Amino acid sequence: MQASGPPPHPTIGTPVQPAADPGAQGSGDPRRIALFGDIHANLEALEAVLADSAEQGCNDYICMGDIVGYNANPADCLEKVREMGCPVIKGNHDEDTAGNHSLESMNPVAATALEWTRGQLDDEQRTWLRRLRMVRQIEDFTVVHSTLDQPSNWNYVTNRFDAMSNFSYQFTQVCFHGHTHVPRVYIKDGKVREVPAESIVIEPGSKYFINVGSVGQPRDGDWRACYAIYDLAHKLVVFRRIEYDIETTQRKIREADLPPMLAERLADGR
Ligand SMILES: [Fe+2]
């Protein structure tokens, strides 16, 4: 597939700063931040998401972790994210790829893919993954791959009771996360409730814990790549679903001799 990446991205640091180049896309515009993660070495999905986010007028980017693992382009995805110069947080697959520890306790398919992934990256790339931070505060919100209560335990938030633990440690109004590969929105406004992952306005007096979904291996039954846009001026979060060249991704997985089910599951969005 012909690469279809976006024009060069404005480089941002921490906290998010306006683009340095006055002619760069979005310079001086209200911040429109693309939050994308759980890429899992799916280059076709990543390129499709970046192209869409550019079309959507995004002028800042945050990577939510799990750049690698499962699919066949870990080095390409790592370098593409790295060259963007955007904030990146660490996911569990980034950590497991960076380390040399045994993967015995992991499910066999994930372990096979991680072992393969370790061999695809050089020492410098693995060191870069190892040094990623678990949690970052950007503007007035927080980003974490799993949860704020124990980020390095990689807990999964699959219901409002799981979300309650996170809210105890969430000191910003909004926190974005990933990890489950399922876009979700939890709101704390007296009690904690879950609402559909559709467009949502951040209202005063409530807290929000928002899962931005997965670029490279969605698990909510929809095969299309998922990411979120946070429009800071309008306090609006929008979820995007983007088609990509899934056949190419599947072919690469098979050609790399990765477990075939990793190709099959992409089509099912599981
Ligand atoms: Fe993941």
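A residue counts as buried here if 20 or more other C-beta atoms lie within 10 Å of its own. By that yardstick, 42% of the chain's 270 residues are buried in this predicted model. The secondary structure adds up to eight helices and 11 strands. Contacts often reach a long way along the chain: taking those between residues at least 6 apart in sequence, 72% join residues at least 24 apart.

A good place to start looking is the open sheet, where five strands line up in the order β2-β1-β10-β11-β8, with mixed pairing. The edges belong to β2 (60-63) and β8 (200-201); each has a single partner strand, so one of its sides has no neighbour in the sheet. Strand β1, covering residues 32-36, runs parallel to β2 and is joined to it by four bridges. Within this pair, Phe36 sits opposite Cys63 of β2. Packed on the sheet is helix α1 (residues 43-55), which touches β1, β10 (225-231) and β11 (236-242) and makes an angle of about 30° with the direction of β10.

Then there is the core. The largest nonpolar core holds 60 residues, and Leu35 and Tyr227 are the ones that touch the most other members. Leaving aside residues up to four places away in sequence, Tyr227 touches Ala34, Leu35, Phe36, Val49, Ser53, Val212, Gly213, Val215 and Arg240.

Helix α4 (residues 108-120) makes a neat check on geometry. With 13 residues at 1.5 Å each, this helix should span 18 Å, and its end C-alpha atoms are 19 Å apart, which agrees. Its buried residues are Ala113, Leu114 and Thr117. These cover an arc of only 100° around the axis, so they lie on the same side of α4. Pro108 and Gly119, on the other side, are exposed. What do the buried residues of α4 pack against? Their partners are α2 (74-84), α3 (92-98) and α8 (261-268).

Elsewhere, strand β6 (residues 184-189) pairs with two other strands. Five bridges tie β6 to β9 (residues 207-211), and the two run antiparallel. Pairing between β6 and β7 (residues 191-195) is antiparallel too, again over five bridges. Ile187 shows both pairings: its bridge partner in β9 is Tyr208, while in β7 it stands opposite Arg193. β6 and β7 make up a hairpin with one residue between them, and Gly190 in the turn has a positive phi of about 100°.

Technical notes: Residues are numbered from 1 along each chain as its sequence is written. This is a predicted model: local features need pLDDT of at least 70, side-chain atom pairs count only at pLDDT 80 or more; totals for chains, interfaces and linings use all residues. A nonpolar core is a set of buried Ala, Val, Leu, Ile, Met, Phe, Trp, Tyr and Cys residues joined through C-beta atoms within 7 Å. A residue is buried if 20 or more other C-beta atoms lie within 10 Å of its own, exposed if 12 or fewer, and partly exposed in between; C-beta atoms are placed from the backbone. Two residues are in contact if their C-beta atoms, placed from the backbone, lie within 7 Å. Two strands pair if DSSP finds at least two bridges between them. Axes are lines fitted to C-alpha atoms, for helices over the stretch in contact, and angles run from 0 to 180 degrees between N-to-C directions. The expected span of a helix is 1.5 Å times one less than its number of residues. The arc is that of the directions from the helix axis to the C-beta atoms.
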